[in-house]
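Here are my notes from a walk through the model you sent over. Have it open beside you and follow along point by point.

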Amino acid sequence: MKEIFSRASVRKFKERKVEREKIEKLLQAAMAAPSAGNQQPWEFIVVEAKETLCKLSGVSPYARSLAEAPLAIVVLANKKALKYLDYWQQDLGAATQNMLLEAVHLELGGVWLGIAPLEERMQYVSEVFNLPEYLQAYAIVPFGYPANEPKPQNRYEVTRVHFEVFE
Ligand SMILES: Cc1cc2nc3c(=O)[nH]c(=O)nc-3n(C[C@H](O)[C@H](O)[C@H](O)COP(=O)(O)O)c2cc1C
């Protein structure tokens with residue numbers, strides 16, 4: 001699948017807005033992800049307001065890309081939806097990665113900004129949106145049209161592959 005091999009994190013974006021249909025496609029891709037027992041413990045906040053994007057960029061020293069992005073999708077866990085308590089981070093990881101791959105397909109770029117399990121970052125996002133206790137921030141993904149051509153790395157390493165046994 002060419003999107004997997006042409007994806008690279010994009011942290012600088014053109015000023016161009018992301019069309020509403022493309023935003024919907026990103027969200028459809030997220031919700032197409034597998035989840036433990038099909039529990040789908042996700043909620044998404046779509047953010048285009050400059051003021052909110054700037055506030056969110058303060059979540060960590062590594063989130064400055066948010067301040068210049070035209071769009072971000074905040075990926076949240078809905079703790080009320082959990083049937084399998086230990087798997088929510090894996091479920092949301094799959095949803096986040098699906099969005100990043102769909103972004104490539106739509107000629108967009110984005111970068112996964114890690115929030116959970118770091119309490120301080122989760123708390124910061126909760127305060128920005130005044131979230132109820134049962135919603136917890138997992139990741140923030142700024143999206144937009146890449147300012148520069150993404151340069152994917154070939155990380156395939158045959159020595160990491162083990163057939164049948166680990167020697
Ligand atoms: C769990 C997770 C957290 C990450 N957090 C950040 C972050 O806070 N800021 C950032 O700029 N990139 C972040 N990244 C992106 C990684 O830096 C990037 O995926 C890695 O350097 C590999 O580069 P590539 O995505 O271009 O292949 C994160 C990625 C993951 C999977």
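A polar contact here means a pair of N or O atoms within 3.5 Å. Keep in mind throughout that this is a predicted model.

1. Start with the ligand and its arginines. Which side chain puts an N or O atom 3.0 Å from an oxygen atom of the ligand? That is Arg 155, and with the cut-off at 3.5 Å the pair counts as a polar contact. Arg 11 does something similar, with a side-chain N or O atom 2.7 Å from a ligand oxygen. For Arg 7, the distance from a polar side-chain atom to an oxygen of the ligand is 2.9 Å. On its own the ligand would expose 630 Å², and the protein buries 60% of that.

2. Now the rest of the shell. Besides those arginines, the residues around the ligand include Ala 8, Ser 9 and Tyr 62, plus a run from Val 111 through Trp 112 and Leu 113 to Gly 114. By type, the shell splits into five nonpolar, two polar and three charged residues.

3. Helix α2 covers residues 20-31, 12 residues in total. From first C-alpha to last it reaches 17 Å, close to the 16 Å expected at 1.5 Å a residue. Its buried residues are Lys 22, Ile 23, Leu 26, Leu 27, Ala 29 and Ala 30. Look down the axis of α2 and these buried residues fall within an arc of 155°, so they line one face of the helix. Note that a lysine, Lys 22, is on that buried list.

4. The loop between α2 and β1 deserves a stop. Asn 38 sits there, and its phi is positive, about 55°, although it is not a glycine. Gln 39 is in this loop too. Is Gln 39 buried or exposed? Gln 39 is buried, with a relative accessible area of 6%, under the 20% cut-off. Its side chain reaches the backbone nitrogen of Lys 83 at 2.8 Å.

5. Next, strand β1, which spans 42-47. Val 47 belongs to this strand and is buried, at 4% relative accessible area. Try picking Leu 71 as well: Val 47 and Leu 71 are 24 residues apart in sequence, yet their C-alpha atoms are 5.7 Å apart in space.

6. Helix α4 runs over residues 88-105. Its 18 residues should span 26 Å at 1.5 Å a residue, and the end C-alpha atoms are 26 Å apart, which agrees. Its buried residues include Trp 88, Leu 92, Met 99, Leu 100 and Leu 101; the acidic side is represented as well, with Asp 91 and Glu 102 among them. After α4 comes Glu 107, with a positive phi near 65°.

7. Last, some backbone oddities to check by eye. Most residues other than glycine have a negative phi, and most peptide bonds are trans. Where is the cis bond? It runs from Ala 116 to Pro 117, with omega near 10°. Pro 117 lies in the loop between β4 (113-114) and α5 (119-129). Further on, Asn 130 has a positive phi of about 55°, though it is not a glycine. Asn 130 is in the loop between α5 and β5 (135-144), and it is exposed, with a relative accessible area of 67%, over the 50% cut-off.

Conventions
Residues are numbered from 1 along each chain as its sequence is written. This is a predicted model: local features need pLDDT of at least 70, side-chain atom pairs count only at pLDDT 80 or more; totals for chains, interfaces and linings use all residues. Side-chain values use heavy atoms; hydrogens and water are left out. A residue is near a molecule or strand if one of its heavy atoms lies within 4 Å of it. A polar contact is a pair of N or O atoms within 3.5 Å; within protein, one must be able to donate a hydrogen and the other to accept it, and residues adjacent in sequence count only if both atoms are side-chain atoms. Accessible areas come from the Shrake-Rupley method with a 1.4 Å probe; for residues, only the protein chains shown count as cover. Ala, Val, Leu, Ile, Met, Phe, Trp, Tyr, Cys and Pro count as nonpolar, Asp, Glu, Lys and Arg as charged, and the others, Gly among them, as polar. Helices (H or I, at least four residues) and strands (E, at least two) are DSSP runs, numbered from the N terminus. The expected span of a helix is 1.5 Å times one less than its number of residues. Buried means under 20% relative accessible area, exposed over 50%, partly exposed in between (1.4 Å probe, protein chains only). The arc is that of the directions from the helix axis to the C-beta atoms.
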